[in-house]
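Hello,

Here is the structure I promised to pass on to you. Have a look at it first, and my notes on what turned up follow underneath.

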Amino acid sequence: MLTKIKDFFKPGIQIEQLDNYLKTPVIFSSEALIANEYYFNNYEWAEEYLKYCHRSESFKTRWGAAIGNCADKIVVDIGCGPGNIFATLAETPKILIGIDVAANSLVMARQFKYIPVLADAQNLPFISEFADIVVLNATLHHCEDMKRTLQEAARLVKPGGFVVTDHDPQLSAWDYRGIAKLLWKARLIYYRIIGHGFHKSGNQQFAALASEIHHKPGSGVLAKFFKETLEPLNFKVDIFPHNHTLGSEVLDGQTGKAEFKYRIGNLLSGRNPNAKENALSLMCIAHKRDKQLTT
């Protein structure tokens, strides 16, 4: 594993080559990061996530359209988990590096041709400008410092390459107010009573929620966050608000329709659920300009 990507590491980085993944130091730990590590180090939970999350046709066509043909590309997947994006796309880039803090998820990602590296998304151990494509799916909202994480991702992109993020909550859609906020908080008790929901135990649910530090009312991302972070770094930034029912149509400006419970949440918060600023997620596709084009 190390032989294929050794030239991409910063000089002096401590790299431990284990049987199934490479390990580098994690500097910026946090309660959310520890919770994320705990959750995805549980094989049962990680396998469940791999089987059921991000497996829809809409996810596949949206990401496929965003990335395009990557057979001859160097791709870095930050927050790869057990291999979600490329397990769904079923494509193999020239080099596919997966970054995560959960060792057992990285072991699982190897089956999808990832070169797994345990590393800190807020302090990546790689040199700058070596990757053609950097992807982050449902990653930023797990990180304490979302801006630093996005800057680190952008740093890896070579001129002419691009970074894609998706499935981070749009703040303006998740900023529930009044009765909507009360109902959102009460949903956890309701799920436990009726035994409904993705998480099958209180412990699993607690760990998942603790890891999603920016996925709650009053938190999330906005279009200006991506633009203000990436444009000064010489990126052309395109933002595509969307709900989770649409695939490649998202890149044509369509948003789709949110599930009923999210529509009700926006209505009870006094907002139009059909407005783009109230779509659940933002997909960001940012292309790094060639250096010779800058002044």
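To get your bearings, in which helix does Leu 267 lie? Leu 267 is part of helix α12. Please keep in mind that this is a predicted model.

That leucine is also a good way into the surface. Together with Ile 179, Leu 183, Phe 260, Ile 264 and Leu 268, Leu 267 makes a nonpolar surface patch of about 580 Å². Two elements, α9 (179-194) and α12 (260-268), each give two or more residues to this patch. The most comes from α12, which supplies four residues.

Next, the sheet. Nine strands make up an open sheet with mixed pairing, and their order is β1-β2-β5-β4-β3-β6-β7-β9-β8. At the edges stand β1 (16-17) and β8 (235-242); each has a single partner strand, so one side of each is left without a neighbour in the sheet. In general, the strands of a sheet pair through backbone hydrogen bonds, in either a parallel or an antiparallel way. Here, β8 and strand β9 (residues 281-288) run antiparallel and are joined by eight bridges. If you want one pair to look for, Pro 241 has Leu 282 in β9 as its bridge partner.

Strand β9 comes up again among the salt bridges, of which the structure holds six. One of the residues to find is Glu 129, which forms a salt bridge with Lys 288, with 2.8 Å between the closest N and O atoms. Glu 129 sits in the loop between β5 and β6 (131-137) while Lys 288 belongs to strand β9, so this pair ties together parts that are 159 residues apart in sequence.

Last, a pocket. The second largest pocket holds about 200 Å³ of space. Its lining includes Met 1, Lys 4, Arg 110 and Lys 113, as well as Tyr 114 and Pro 116. Two or more lining residues come from each of β4 (95-100) and β5 (115-118). By character, the lining residues divide into seven nonpolar, four charged and one polar.

Enjoy exploring, and best wishes!

Key. Residues are numbered from 1 along each chain as its sequence is written. This is a predicted model: local features need pLDDT of at least 70, side-chain atom pairs count only at pLDDT 80 or more; totals for chains, interfaces and linings use all residues. Side-chain values use heavy atoms; hydrogens and water are left out. Patches are made of residues with over 30% relative accessible area and no salt bridge: like charges are joined within 9 Å, nonpolar side chains (Val, Leu, Ile, Met, Phe, Trp, Tyr) within 5 Å. Accessible areas come from the Shrake-Rupley method with a 1.4 Å probe; for residues, only the protein chains shown count as cover. A salt bridge is a side-chain nitrogen of Lys or Arg within 4 Å of a carboxyl oxygen of Asp or Glu. On a 1 Å grid over the protein atoms alone, a cavity is a set of points where a 1.4 Å probe fits but cannot get out, and a pocket is an open set with protein on both sides within 12 Å along at least five of seven lines; lining residues have an atom within 4 Å of a point. Grid points are joined across faces, edges and corners, and a volume is the space filled by probe spheres set on the points. Ala, Val, Leu, Ile, Met, Phe, Trp, Tyr, Cys and Pro count as nonpolar, Asp, Glu, Lys and Arg as charged, and the others, Gly among them, as polar. Two strands pair if DSSP finds at least two bridges between them.
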